[in-house]
Amino acid sequence: MSATINYEVRLLAVSFLTGVGLLVVYDCLRVFRLLCPHSDIAVGIEDMLYWIYSALMTFSLLYRENDGDIRAYAVVSAFVGMALYQWLVSRNFLKYLKKLLKYLRMKTGKHKTERQKKRNEKKSRKQREKLKKRETSRHRKQTSIKEAGD
């Protein structure tokens, strides 16, 4: 093969591996989120940092391997790498990891995450407030009926 074709095939392969690598990093971020649940704001910040990292990695790939020229097949190859990794590896990996974490939480007695506990506390607090309002309004109605009868 000629040197040009070798160069193009190498660029295609490196682009593909970059796409796979970017999704591996995102899976690590997903695992971190499963192990340490946190607020939606923190998740948004993490996602923003991940996408900045992804943009820098893609830019460095194109700059290093192709002198900054954007080749459509290089970008498509990165997306194909991401898609294949997601379809073949990531989906199953996360499914089994969630099952493992659920099993471990059941064995350790930690069925609910902190986020779920806080949600339940908020719900029960709201329910108590609603009941209190109902009782107060019933008491007022009963009092007004008694006063009207007197």
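Reader: Before anything else, what counts as a helix here?
Author: A helix is a DSSP run of H or I with at least four residues, and helices are numbered from the N terminus. Keep in mind that this is a predicted model.

Reader: Cool. So which helix has serine 90?
Author: Helix 3, which covers residues 72-108.

Reader: Is serine 90 buried or exposed?
Author: Buried, because its relative accessibility is 0%, and the cut-off for buried is under 20%.

Reader: What does its side chain touch?
Author: The side chain of arginine 30, through a polar contact of 3.1 Å. Arginine 30 also has a salt bridge with aspartate 27, at 3.1 Å from N to O. Those two sit three residues apart in helix 1, about one turn of the helix. Aspartate 27 is buried at 2%, while arginine 30 is partly exposed at 24%.

Reader: How many salt bridges are there in total?
Author: Four. Arg33, Glu46 and Asp47 are linked in a network of them.

Reader: How far apart are the atoms in that network, say from arginine 33 to glutamate 46?
Author: The closest N and O atoms are 2.9 Å apart. Arginine 33 is in helix 1 and glutamate 46 in helix 2, so this pair ties together parts 13 residues apart in sequence. For aspartate 47 and arginine 33, the closest N and O atoms are 2.5 Å apart.

Reader: New topic: which residues form the positive surface patch?
Author: Arg125, Lys126, Arg128, Lys130, Lys133 and Arg134. Lysine 133 is in helix 4, residues 114-149, and counts as exposed because its relative accessibility is 63%.

Key:
Residues numbered from 1 in each chain as written. Predicted model: local features only at pLDDT ≥ 70, side-chain atom pairs only at ≥ 80, totals over all residues. Heavy atoms only, no water. Patch = residues over 30% accessible without salt bridge, like charges linked within 9 Å, V, L, I, M, F, W, Y side chains within 5 Å. Areas by Shrake-Rupley, 256 points an atom, 1.4 Å probe, with all protein chains shown as cover. Salt bridge = Lys/Arg side-chain N within 4 Å of Asp/Glu carboxyl O. Lys, Arg positive; Asp, Glu negative; His and termini not counted. Charge placed at Lys NZ, Arg CZ, Asp CG, Glu CD. Buried < 20%, exposed > 50% of the residue type's maximum accessible area, 1.4 Å probe, protein only. Polar contact = N/O pair within 3.5 Å; in protein donor to acceptor, adjacent residues only side chain to side chain.
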